[in-house]
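Please look at the sequence and the model below, and keep both at hand while reading. The paragraphs that follow go from terms to the overall fold, and then to the inside, the charged pairs, the rings and the surface.

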Amino acid sequence: MVRFSPIVIAFLLCSPRAFAQNRVEAGVFLDYLGISQTNTNNFGLGGRFGYRIHRKLMVEGELAYDYGINFHEAYRNITNGDITAIEHTSIGITHGLFGPTLQPDKGGFRPFLTLKGGFMDFRLSPSLLPLSTVESTLLSIRNSSLNAAMYPGGGVEASLGPVGLRFEVGDEIYFNNGAHNNLRITFGPILRF
């Protein structure tokens, strides 16, 4: 009977050849999203799954939810345009993205670029103003909460074997009566297998 020592087993598991076929990557992340239209800083959680289709190309999908943040929403008088009221409003955002990521398949420190498309779904608390002569200055996202989105970004992954950390920054652009640019930063652990 052949017996392997723990040192031999650890060497075989941690060797670069053991991880040469890493095709799948999964992770969770903390998400920061600065919404330009509401001027709010939203924080949340998300998950990401990627599959390597070529040596330097992965296809990734991700979904995140940013928790409700309170802010002051202005209401304008529809006859003269003056601000009539300011209401305390809450916003939560669900966003999902899918697309390619250019990234080397080897190395412990790997920079990457990505371009993804998807959606942003805004959840605003209902308006408490019963007046028919006023409208929200955020009328566009109140009337159309589900918006198409595009995300160009980049970042870096640092890993030791199958476990690592990923930092990413980009511009999550949603389209609602024009393009709205929003800073997005994510950070979290990854697992490659």
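A residue is called buried when its relative accessible area is under 20%, exposed when that value is over 50%, and partly exposed in between. Tyr-65, for instance, has a relative accessibility of 33%, and therefore counts as partly exposed. Please bear in mind throughout that this is a predicted model.

We may begin with the chain as a whole. The protein chain has two helices and 11 strands, and, read from the N terminus, these elements follow one another in the order α-β-β-β-β-β-β-α-β-β-β-β-β. Of its 193 residues, 39% count as buried. If we take the contacts with a separation of 6 or more, 62% of them join residues that are 24 or more positions apart. The accessible surface of the chain amounts to about 10800 Å², and 68% of this area belongs to carbon and sulfur atoms.

From here we can turn to the inside. In soluble globular proteins, nonpolar side chains tend to be buried together. Which residues make up the largest nonpolar core in this model? It has 12 residues, namely Leu-33, Ile-35, Phe-71, Ile-91, Ile-93, Leu-97, Met-120, Phe-122, Leu-124, Ala-149, Tyr-151 and Tyr-174. Two or more of these residues come from each of the strands β1 (24-35), β4 (83-102), β5 (109-124) and β7 (146-160). Met-120, which is one of the core residues, is a useful place to pause: when its neighbours within four places in sequence are left aside, its contacts include Leu-33, Ile-35, Ile-93, Ala-149 and Tyr-174, and also His-95, Asn-147 and Glu-172.

Charged side chains form another set of links. A search of the whole structure finds 14 salt bridges. In one of them the side chains of Glu-25 and Arg-166 meet, with a distance of 3.4 Å from N to O. Since Glu-25 lies in strand β1 and Arg-166 in strand β8 (residues 163-171), this pair ties together parts that are 141 residues apart in sequence, and both of its residues are buried.

Glu-62 deserves a careful look, as it appears in two of the bridges described here. With Arg-48 it forms a salt bridge whose closest N and O atoms are 3.1 Å apart; because Glu-62 lies in strand β3 (residues 57-77) and Arg-48 in strand β2, the pair ties together parts that are 14 residues apart in sequence. Both Glu-62 and Arg-48 are buried. With Lys-116, Glu-62 forms a salt bridge in which the closest N and O atoms are 2.7 Å apart, and, because Lys-116 lies in strand β5, this pair ties together parts that are 54 residues apart in sequence. Lys-116 is buried, as is Glu-62. A network of salt bridges links residues among which are Glu-25, Arg-48, Glu-62, Lys-116 and Arg-166.

The aromatic rings come next, and the structure holds three aromatic pairs. The rings of Tyr-32 and Phe-43 have their centres 5.2 Å apart and their planes at 55°, so this pair is tilted. Because Tyr-32 lies in strand β1 and Phe-43 in strand β2, the pair ties together parts that are 11 residues apart in sequence. Tyr-32, at 18% relative accessibility, counts as buried, whereas Phe-43, at 49%, is partly exposed. In another pair, the rings of Tyr-65 and Tyr-67 have their centres 5.5 Å apart and their planes at 90°, so this pair is edge-to-face. Tyr-67, with 44% relative accessibility, counts as partly exposed.

Finally, we can move to the outside. Phe-49, Tyr-51, Ile-53, Val-163, Leu-191 and Phe-193 form a nonpolar patch on the surface, and together they have about 590 Å² of accessible area. The largest share of this patch, three residues, comes from strand β2 (residues 40-54), while Phe-193 lies in the segment after β11 (183-192).

Two asparagines in loops complete the tour. Asn-39 has a phi near 55°, which is a positive value in a residue other than glycine. Asn-39 is found in the loop between β1 and β2, and with a relative accessible area of 69% it is exposed. The phi of Asn-177 is also near 55°; Asn-177 lies in the loop between β9 (173-175) and β10 (179-180), and at 71% relative accessibility it counts as exposed.

How values were computed
Residues are numbered from 1 along each chain as its sequence is written. This is a predicted model: local features need pLDDT of at least 70, side-chain atom pairs count only at pLDDT 80 or more; totals for chains, interfaces and linings use all residues. Side-chain values use heavy atoms; hydrogens and water are left out. Patches are made of residues with over 30% relative accessible area and no salt bridge: like charges are joined within 9 Å, nonpolar side chains (Val, Leu, Ile, Met, Phe, Trp, Tyr) within 5 Å. Accessible areas come from the Shrake-Rupley method with a 1.4 Å probe; for residues, only the protein chains shown count as cover. A salt bridge is a side-chain nitrogen of Lys or Arg within 4 Å of a carboxyl oxygen of Asp or Glu. Helices (H or I, at least four residues) and strands (E, at least two) are DSSP runs, numbered from the N terminus. A nonpolar core is a set of buried Ala, Val, Leu, Ile, Met, Phe, Trp, Tyr and Cys residues joined through side-chain atoms within 4.5 Å. Buried means under 20% relative accessible area, exposed over 50%, partly exposed in between (1.4 Å probe, protein chains only). Contact means heavy atoms within 4.5 Å. Rings of Phe, Tyr and Trp (its six-membered ring) pair if their centres lie within 6.5 Å; planes under 30 degrees apart count as stacked, over 60 as edge-to-face and the rest as tilted.
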